[in-house]
Amino acid sequence: MSFFLFKGDAHVEWYPKTASTAFSVNALVYSTSGQLLPATTTSGDHIGVVLKPVVSTDSDYASTTFLPVLVPHSDTEFRADVTGTLTAAMVNTFRDLSTSLVVDAAAQAKNVVLITQFVSSSVGIVKVNAMAYNLRVATT
C-alpha cells in the first residue's frame with residue numbers, strides 16, 4: 001500500500017526527518033518544525049512522497065538526517081490504495097487519508113487528495129491537493 005507516481009512531472013528534494021520516527025517508502029509526508037513526518041488523517045501542506053524507508057534498526061534512526069522526497073507538480077498523479085469502497089462516482093471529488101499510505105474513500109474533512117480516475121474499489125488515481133507550495137491546508 002503506497003503512493004506510486006502514475007503520470008506527470010515531479011522532482012526530488014531532500015528534507016530532514018524527525019528523529020526516532022519510522023517512514024514507509026512511498027508514503028505521503030509533511031513537515032512540522034522544519035522536519036518530515038508521515039502524513040496522518042489530520043495533516044496538511046503535504047510535501048510529497050518519501051523515497052527511502054526508515055526503521056528503528058537504522059543507524060541514523062535517532063538523527064535528523066535528510067530523506068529524498070518526490071515532490072509533485074500541479075499535473076502529477078499517483079496510483080494510491082484506498083480503504084473503504086471507491087466508486088466511479090467519486091471521480092473529481094476530494095478525499096482524506098486513512099494513513100500515510102492509504103486514501104480513505106469515506107472521509108472528506110481535510111480534502112487531501114482529488115480522485116482523478118477510478119481503477120477499482122480499492123485503487124484510484126489521485127492528485128495531492130494540499131502540497132505546501134500549492135494550497136494551504138492546515139494541520140489540525
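Start by selecting Trp14, which you'll find in strand S2, the stretch covering residues 10-16. Keep in mind that you're looking at a predicted model. Is Trp14 buried or exposed? Trp14 is exposed, and its relative accessible area is 54%, which puts it past the 50% cut-off for that label.

Now add Val12, Leu51 and Phe66 to your selection and switch on the surface. Together with Trp14, these residues make up a nonpolar patch on the outside, with a combined accessible area of about 420 Å².

Next, hide the surface and go for Phe3 and Phe78. How are these two rings arranged? They form an aromatic pair that is edge-to-face, with 6.3 Å from centre to centre and 85° between the planes. Planes over 60 degrees apart count as edge-to-face, so 85° earns the pair that name. The count for this model is one aromatic pair, so you've just found it.

Colour the strands and look at where each ring sits. Phe3 belongs to strand S1 (residues 3-7) and Phe78 to strand S7 (residues 77-83), so the pair ties together parts that are 75 residues apart in sequence. Both rings come from buried residues: Phe3 has a relative accessible area of 1%, and Phe78 comes in at 0%.

Stay with Phe3 and pick Ser100, one of the residues that touch it. Ser100 is in the loop between strand S8 (94-99) and strand S9 (102-104). Ser100 counts as buried too, at 12% relative accessibility. What else does Ser100 touch? Leaving out residues up to four places away in sequence, its contacts also include Ala27, Leu28, Pro38 and Ala39.

Note on methods: Residues numbered from 1 in each chain as written. Predicted model: local features only at pLDDT ≥ 70, side-chain atom pairs only at ≥ 80, totals over all residues. Heavy atoms only, no water. Phe/Tyr/Trp six-rings, centres within 6.5 Å; stacked < 30°, edge-to-face > 60°. Helix = DSSP H or I, 4+ residues; strand = E, 2+ residues; numbered from the N terminus. Buried < 20%, exposed > 50% of the residue type's maximum accessible area, 1.4 Å probe, protein only. Contact = heavy atoms within 4.5 Å. Patch = residues over 30% accessible without salt bridge, like charges linked within 9 Å, V, L, I, M, F, W, Y side chains within 5 Å. Areas by Shrake-Rupley, 256 points an atom, 1.4 Å probe, with all protein chains shown as cover. Salt bridge = Lys/Arg side-chain N within 4 Å of Asp/Glu carboxyl O.
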